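Reader: Hi, I'm new to this and I keep getting lost in big pictures. Please take me through the aromatic rings slowly, and then show me how one strand sits among its neighbours.

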Amino acid sequence: MLTTLILLVTTVVIVHSQLTDYLGQRYAEYVMRRTALQSAFAVREGAMRISVKQEEYAWAAGPTPDPILLRRFIQGNGRITLQRTEKFPPVLVLSDVHAAKPAAAFANYLRLADEVSYQTGAYTQALSASGYFFSPERDFIGIGPATDAMRAQLQEIPAATTIARFTADVPQDATSGPQTDLRWLPPATDPLNNSLAVRIIQTASHDDQPFATFVASYPDQVFSQYLSTTDAGEISRLLDSGGRSLLQLQLDAGTRPATELDAAIAAAPTATGVRFHQHNGVFVARDVVNATGWQFVQAFNWWAILSDIWPRLAVYAGAMLLAIMFTWAVLIWLDRKVFKPALVRSQRIVESEDLNRTMVATAPFGLVLLAYPAGGVILQNAVMQAYAERPVMDDIPLHQRLLALAPPAGSTVAAESEVIIPLRDGSHSALFASVVRSRYQGQSVVLCNFSDITLRKEVERELEAAHTAANAANAAKSAFLAMMSHEIRTPLNAILGNIELLGRGALPAAERAQLHTVSQSSNALLAIINDVLDFSKIESGQMVLELIAFDPRNIALQAAGIFRAVAEDKGLALELSLDETIAPAYVGDPNRIAQIVYNLLSNAIKFTAHGDVLLEMYLADDTAENAALIIGVSDTGIGMTQAQLQGLFQTFSQADASISRRYGGTGLGLALCKRLTGLMGGSIRAVSEPGKGSTFIVTLPLPLSAEPAHHAAAETPALAIPQGFHVLVVDDLAANRDLLRLQLLALGCSSDQVEDGASGLALFAERQHDLIMTDLNMPGMDGYTLARSLRDQQVRVPIIAITAHASETERTRCSDAGIDAVLTKPILLDALVATFQRLGNHQVSSALQHNAASIGKGPLPATVHAPLLASLDTAVRAIRSTLAETPALSLSEIGNRLHALRGALAFVHETQAADMCRGMELLLESHPFDIQTFTDHLDRFEALARASLHARAPA
């Protein structure tokens, strides 16, 4: 340590010496610059004194001026330019001539100006000066050098104005009374050249009376050049006798702002020959440099010092550091070689012991060292002690629980396990323990550490519960969607089926127009339902695209054929443009592509009142082999703004809130188009301007097909069902059964109807049927069970499933059960014809019979009213019987009967009674279930339903 201290003291002495030398060097530089600045002032002061003294002698001699000059002066009305020789610059003379003081009164001053132009010309050129002199009354002035530009500029200005401009800032006391000394004026704008200049003035006198004041002007660069320096962190100032800054040069002030340097300058004393004065870490030197008492000041801070001498300091510091390091290296080497090894080892053992105890005591997790196999506690920390003192239910100490986890002898791998500790307050603590075998002070020990994972376990249970709840919510959403599909499609099936049957009969023109309106509205409702369900499939990842060979030109031709009549009804022209380079077969889903085209064409026609609609299909690059297929739909309709285009493809969004009122629609069609194109790996975009129509461009990267495309028949032949074609209809709703009977009758088919799967099996065993149509969801034996039972009996008759919503899961179940086809409600005759043709390989007849009646309002047909009233009686009687026996165990059976009643009542548009059924279904889901409340609702429902059905009895 002593050696290190000596080296440090030596370093301090060297650094102090370097600083002292540096300050001496800086002061020498300051003295040189101050001397140069004093010389610059002294030379110009001497020149001024000599010039003034010469003019005083010339004035005292008093010779008259040159008559020629006086005449020119008088002719110029007190304005003349004097220049004895071309070697010296000219002098401009101006006087304030008026009646009381004519030009001849200035004869002596004219002579003085002539002398000045000759005597001081050499000085002005040698010293880069300009100047002027003026009379004490300030009505005569001589200015030189007078350039052509200056003379031209002053030519139009009155002499009095020019004299006032040049003498305005010259103090009055400098021009009145006897004056023997000169004075420097602060830097100001030189009126000769409008640049910053430093001026010196002195008044010439004769017999103690001033006769003229002389002013010499020097550019500020003449003096500021002596203020410049290349050192950083330094400022130089030229101050007046009062300490105000006249000229300054400020360099990089380093870490201290210039204001601190100025503050140090203000605090420094004014004394000639004094070295740097130090104030708050700033070094200041100042001294007087001219006769007026101006001072030259230089200040710099420690930052400037360090910037200059840091290389030398770094060398010294590095040398001292190396010396210290070498000294300590020798000492450490001696320490290792001299000290006894035993003492070193003992100290390390003690330190290790202390460290281990400190680590055990301060560890944030439980830590305990146990003797093995006795189980005694050797060491433990506060965490372990706190957990060991907890009251447990089975009185087994914590250290015994941990000891039981010890791995077998010889194992070096830690055993990890979770330990559940039941506490006496009924709660549990969960610990994650790690146990390893070791040795300590010659005995076998077990080192155990554990952390509390009770909170983590609770979080895991909560996350599992949240995951279960989320899955349940998702399942509930899916179930709700399926239920809503079933509830909407079931009455829609009856509506569209009966509308179709009515349309095939002979109706008056007015009723046929009304029927056409109802049909269009129902089809629009069906399209909305289909879009919602398709969008739901895409969102849930259940949408599966077909990959078959197809010809995209057929899609365009069919779309144009379908929408051409709609366009012509609005007075629009529907044009079709097909690129000849389109291949005859691509691989993709033609139905979904057609859905996109139909949506775009429907929107284009909807929003176009005049003009035309264009459907075009071409390739993105007709030179590339696998170029993407482009489908474009353009119109001349209302168009859209850029703001409307931003949210165009969002779900349930339309370009304008008023569009749904003027044109209708849900705003889901374009969102569905975007999702479908995305599933196909393509894109869709829109280009539009308000009032100039819109263009939608769909890009589909479809691969080419090596197989020929499958072409659907252009026209479906009429179904010719042979006599004796007999169908078994199985459905729990009487209204649905009656509708199917009428539709089959229209196709020339006979049918049998039963209400459940068991009755269907029994009737099929008694009679011969060519085809079976069954609902899927029925109380008792459902459609899946019926199909499996028939297939188990080796029955090969085609089976068609009828459902309101067919997801991919349900279609898979149908296929597994042996069902040949699935028809989704609403079911129209064309769908029946196509399905019969595909399953039965029959030809379609051209004559369809009409034998159906509308059941939406007014009296119900007897074939619908009687079964519906009987179903109401049977269901209410069964529900009351179930409530009287074991209601808690039969809520699902009651719910099935209410669901069947709700569908039947909704089918005949008895919405109030159907809503009451839905309310009772919700009561079944309440906990706890209130029998009395449910019975009251059942009584009111029965009264309303019977009254409604009696009011609609057949005529």
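Author: Let's begin with what counts as a pair: rings of Phe, Tyr and Trp (its six-membered ring) pair if their centres lie within 6.5 Å. Planes under 30 degrees apart make the pair stacked, over 60 degrees make it edge-to-face, and anything else is called tilted. Keep in mind that you're looking at a predicted model. By this rule there are 20 aromatic pairs.

Take Y109 and F140. Their ring centres are 5.3 Å apart and the planes meet at 35 degrees, so this pair is tilted. The two residues come from distant parts of the chain, 31 residues apart: Y109 belongs to helix α3 (residues 107-119), while F140 is in strand β4 (residues 140-144). Both rings are tucked away: Y109 is buried at 11% relative accessible area, and F140 is buried at 0%.

Now try F563 and Y598, which also form a tilted pair, with 5.7 Å from centre to centre and 55 degrees between the planes. This pair, too, links distant parts of the chain, 35 residues apart, with F563 in helix α15 (residues 552-569) and Y598 in helix α16. Here the partners get different labels: F563 is buried, with a relative accessible area of 12%, whereas Y598, at 26%, is partly exposed.

Rings can also join up in a group. Ring pairs link W59, F73, F106, Y109, F133, F140, F211 and F214 into a cluster, so you meet Y109 and F140 again there. A ring can have a charge over it, too: the charged end of R390 sits over the ring of Y387, 4.2 Å from its centre. In another case, R813 has its charged end over the ring of Y784, 3.8 Å from the centre.

While we're at helix α16 (residues 590-606), have a look at A604, which is found there. A604 is buried, at 3% relative accessible area. Setting aside neighbours within four places in sequence, A604 touches V613, V633 and D635. L615 is 11 residues from A604 in sequence, and their C-alpha atoms are 9.9 Å apart.

Now for your strand, β28 (residues 799-803). Five of its five residues are buried, so the rest of the structure largely encloses β28. In a regular strand, side chains alternate between the two faces of the sheet. You can follow that here: I799, A801 and T803 point one way, while I800 and I802 point the other way, and all of them are buried.

What about the strands beside β28? Strand β27 (residues 771-775) runs parallel to β28 and is joined to it by four bridges. One place to spot this is D775, whose bridge partner in β28 is I802. Between the two strands the chain passes through helix α22 (residues 783-792), making a right-handed β-α-β crossover. Strand β29 (residues 821-824) is parallel to β28 as well, again with four bridges, and A821 in β29 stands opposite I800.

One last thing to check is the cysteines. A disulfide is a covalent bond between the sulfur atoms of two cysteines. Searching the whole structure turns up zero disulfides. Two residues to find for yourself are C448, buried at 0% relative accessibility, and C917, also buried at 0%.

Definitions and conventions. Residues numbered from 1 in each chain as written. Predicted model: local features only at pLDDT ≥ 70, side-chain atom pairs only at ≥ 80, totals over all residues. Heavy atoms only, no water. Buried < 20%, exposed > 50% of the residue type's maximum accessible area, 1.4 Å probe, protein only. Pairing = 2+ DSSP bridges. Right-handed = clockwise from strand over helix to strand, strands pointing away. Contact = heavy atoms within 4.5 Å. Disulfide = S-S within 2.5 Å. Lys NZ or Arg CZ within 6 Å of the ring centre and 35° of its normal.
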